[in-house]
Amino acid sequence: MSQLYQSLSHSKWDCKYHIIFIPKYRRKAIFGEIRKFLGPIFHELECRIIEGHLLPDSVHMCLEIPPKYAVASIVGFLKGKSASASARQFSGKQRNSNGENFWVRGYAVSTVGFELEALRHCIREQEIADKGGQF
């Protein structure tokens, strides 16, 4: 049982979430160089990415988030950091503050529980032919 749970100073935890979010207007904006660029940005988090896949019009990932962080904060950080960095890299802008939004405001989240392997298989099979979108 101790291998199944992570530890903080006063708690043992196993919190995994399936998170999905999409680009604004569901445009197919995640391709080519931006696809290669987003993977490392998503890994700059204090959370562990168990499985992830970038489709041209959506991001699917399974995250292990410590209970001291709110899921909404983590998703906000992921989306904000990636939108700002991609605007700097691909649009030549130093700030992404003039109303340009790469991601929609919402997202989908579901707790994983003990069906982790089934979820990992589902994320991997989102787009079988696309090997370049895994991160």
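These questions and answers cover the sheet and helices of a predicted model.

Q: In what order do the strands of the open sheet of 4 strands lie?
A: The sheet is open and has 4 strands. Their pairing is antiparallel. The order is β4-β5-β3-β6.

Q: Which strands stand at the edges of the sheet, and why is one side of each left without a neighbour?
A: An edge strand here has a single partner strand, so one side of it is left without a neighbour in the sheet. That applies to residues 48-55 and 108-111. The edge strands are β4 and β6.

Q: By what angle are neighbouring strands of this sheet turned against each other on average?
A: The angle ignores strand direction. It is an average over neighbouring strands of this sheet. The value is 15°.

Q: Which residue in β6 stands opposite H18?
A: Strand β3 spans residues 16-21. It pairs with β6 in the antiparallel sense over 4 bridges. Opposite H18 in β6 stands S110.

Q: What angle does the direction of helix α2 make with that of β3?
A: Helix α2 covers residues 71-91. It packs on the sheet and touches β3, β5 and β6. Its direction makes an angle with that of β3 of about 45°.

Q: Why are the buried residues of α3 on the same side, and which strands do they pack against?
A: Helix α3 runs over residues 116-124, with L116, L119 and I123 buried. These three cover an arc of only 65° around the axis, which puts them on the same side of α3. On the other side, E117 and A118 are exposed. The buried residues pack against β3, β4 and β5.

Terms used. Residues numbered from 1 in each chain as written. Predicted model: local features only at pLDDT ≥ 70, side-chain atom pairs only at ≥ 80, totals over all residues. Heavy atoms only, no water. Pairing = 2+ DSSP bridges. Helix = DSSP H or I, 4+ residues; strand = E, 2+ residues; numbered from the N terminus. Axes fitted to C-alpha atoms, helices over the stretch in contact; angles between N-to-C directions. Contact = heavy atoms within 4.5 Å. Buried < 20%, exposed > 50% of the residue type's maximum accessible area, 1.4 Å probe, protein only. Arc of directions from axis to C-beta.
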